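Visitor: Hello! I am new to this structure and would like a close look at a single part of it. Could you walk me through what is there?

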Amino acid sequence: MGSRARARRAAAMLGFLGLLCAVLGAVMIVMVPTLIKQQVLKNVRIDPSSLSFNMWKEIPVPFYLSVYFFDVVNPSAVLLGEKPQVRERGPYVYREFRHKSNITFNDNDTVSFLEYRSFQFQPDRSHGLESDYIVMPNILVLGAAMMMENKPMSLKLIMTLAFSTLGERAFMNRTVGEIMWGYEDPLVHLVNKYLPNMFPFKGKFGLFAELNNSNSGLFTVFTGVKDFSRIHLVDKWNGLSKVKYWHSDQCNMINGTSGQMWAPFMTPETSLEFYSPEACRSMNLVYKESGVFEGIPTYRFVAPSTLFANGSTYPPNEGFCPCLESGIQNISTCRFNAPLFLSHPHFYNADPMLAEAVLGLHPNPEEHSLFLDVHPVTGIPMNCSVKLQLSLYVKAIKGIGQTGKIEPVVLPLMWFEESGAMEGEPLQTFYTQLVLVPSVLHYAQYVLVGLGCVLLLIPIIHQIRSQTRTLRPRAGRRASQHYSSRV
């Protein structure tokens, strides 16, 4: 009897433990999603106490800027009216360093900041040196010529004389370093002397001269501390709630985030919208597919085919016009009226006429499309590759001799890729706290329910077996008594 009593007590204890496990597992099934959501909300908002604050303040992801130039092979022939031929040179790779300063928390649930960037050449990652020479269109000469197209002939002849005196030509042969970070140009000094407000730059002229050791404007974004629904959205840029570069209110709107983090709990219906000071507009990326980056689930977002479409192809973009062929965006209004155009590299996703007009272009989605891989639960990018091309619209301008007989063409200058992927300790911390722990909790709740059910079966089985053992002797005694009575 003693052993049976102990077995009964053990079974009862296991049953009670099973009940606890089942109840705990059921509670976790109900509570864990809410707890995880609360932890995510707490850790993605812009607040010094949040897990992602230091990541937001000093981006730990190593960013690289890879620049490819279109070296014009036949500049003399282009001046005679022949089709331009280019060859791609590069990449010339720069390590990009970013940090935020002047961080100021405001009373209306926003924070203001300046983000500074600096670049450091990486010879080991590059196919060439900054001392390499590139033949490319002279943006200052050809841009000025285009702006003089409808001016009186007398002014054009004066400009031709000025260009000749200064030794300016339609094409220039300069080093990568000069094109990127600036070179002295007599035309810049002349214009700044007599027309001081025409150019936004006062010293050297270079395609990236204004970006190095500078900021991209004063951003004011919502922190999400008081109102989570607006987390990371831009409230103002340089004090503006909309810009004045374009011809419609919709195109001038500053929508989305500053392009570093987005609201958590994404779905495939979510889009990534952000304001780009360099493009002077907001851009919108759309969901393409799910994936995994270093064990972390991601959503891949890409540019829609309508991103740089003209107004005829996509009416909402009419405000960005005047337009040429679809697939390139005129950014002259925010680039001192020079006829510059923004597009995907090699005119990918654009009207085929653009790539066919220049020999040496080969657009393809693998090399020239952009993407962002974002962790959908937190809205934090894991891996990105943003690729854009800058082109110049050129043609012969009657009265300006330097333009020769150039046939109208959108001539690519260069394209660049900004890429970065989370790695090292930040990646491990992110994986552990925001992927591994929630996964363990997710599986633990079902393990507890299953274990609880198994343990609950033990006292039931023990009770059934005990009743069976009790019934067998009784049945034996009754059978023996029945036999004896018959005898």
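Visitor: Which residue caps the N-terminal end of H4?

Guide: Happy to help, and please keep in mind that this is a predicted model. The cap is Asn138: one of its side-chain oxygens lies 3.2 Å from the backbone nitrogen of Leu140. Leu140 belongs to helix H4, which spans residues 139-147 and is mostly covered, with eight of its nine residues buried. Among those buried residues are Ile139, Leu140, Val141 and Leu142, and the list goes on through Gly143, Ala144 and Ala145 to Met146.

From the helix, let us move on to charged side chains. Side chains of opposite charge can pair when their charged atoms come close. The structure holds 12 salt bridges. In one of them, Asp71 pairs with Arg87, and their closest N and O atoms are 3.4 Å apart. This links distant parts of the chain, since Asp71 sits in strand S1 (residues 63-72) and Arg87 in strand S2 (residues 86-105), 16 residues apart. Asp71 is buried at a relative accessible area of 6%, whereas Arg87 is partly exposed at 45%.

Another salt bridge joins Glu115 and Lys100, at 3.0 Å from N to O. Because Glu115 lies in strand S3 (residues 110-121) and Lys100 in strand S2, the pair ties together parts that are 15 residues apart in sequence. Glu115 counts as buried, with 8% relative accessibility, and Lys100 is buried as well, with a relative accessible area of 4%. Lys100 also lies over the face of Trp56, at 4.9 Å from the ring centre.

Then there is the salt bridge of Glu418 with Arg117, at 3.8 Å from N to O. Here Glu418 is in strand S15 (residues 409-421) and Arg117 in strand S3, so to speak a link between distant parts of the chain, 301 residues apart. Both Glu418 and Arg117 are buried. Salt bridges with shared partners join these two with Glu96, Arg98 and Glu278 into one network. Arg98 has a ring partner too: Arg98 lies over the face of Phe63, at 4.4 Å from the ring centre.

Finally, the rings themselves. The structure holds 18 aromatic pairs. Tyr287 and Tyr299 form an edge-to-face pair, because their ring centres are 5.0 Å apart and their planes stand at 75°. Tyr287 counts as partly exposed at 25% relative accessibility, while Tyr299 counts as buried at 15%. Elsewhere, ring pairs link Tyr94, Phe119, Phe121, Trp181, Phe208 and Phe416 into a cluster.

Note on methods. Residues are numbered from 1 along each chain as its sequence is written. This is a predicted model: local features need pLDDT of at least 70, side-chain atom pairs count only at pLDDT 80 or more; totals for chains, interfaces and linings use all residues. Side-chain values use heavy atoms; hydrogens and water are left out. Rings of Phe, Tyr and Trp (its six-membered ring) pair if their centres lie within 6.5 Å; planes under 30 degrees apart count as stacked, over 60 as edge-to-face and the rest as tilted. Buried means under 20% relative accessible area, exposed over 50%, partly exposed in between (1.4 Å probe, protein chains only). A charge sits over a ring if NZ of Lys or CZ of Arg is within 6 Å of the ring centre and within 35 degrees of the ring normal. Helices (H or I, at least four residues) and strands (E, at least two) are DSSP runs, numbered from the N terminus. A polar contact is a pair of N or O atoms within 3.5 Å; within protein, one must be able to donate a hydrogen and the other to accept it, and residues adjacent in sequence count only if both atoms are side-chain atoms. A salt bridge is a side-chain nitrogen of Lys or Arg within 4 Å of a carboxyl oxygen of Asp or Glu.
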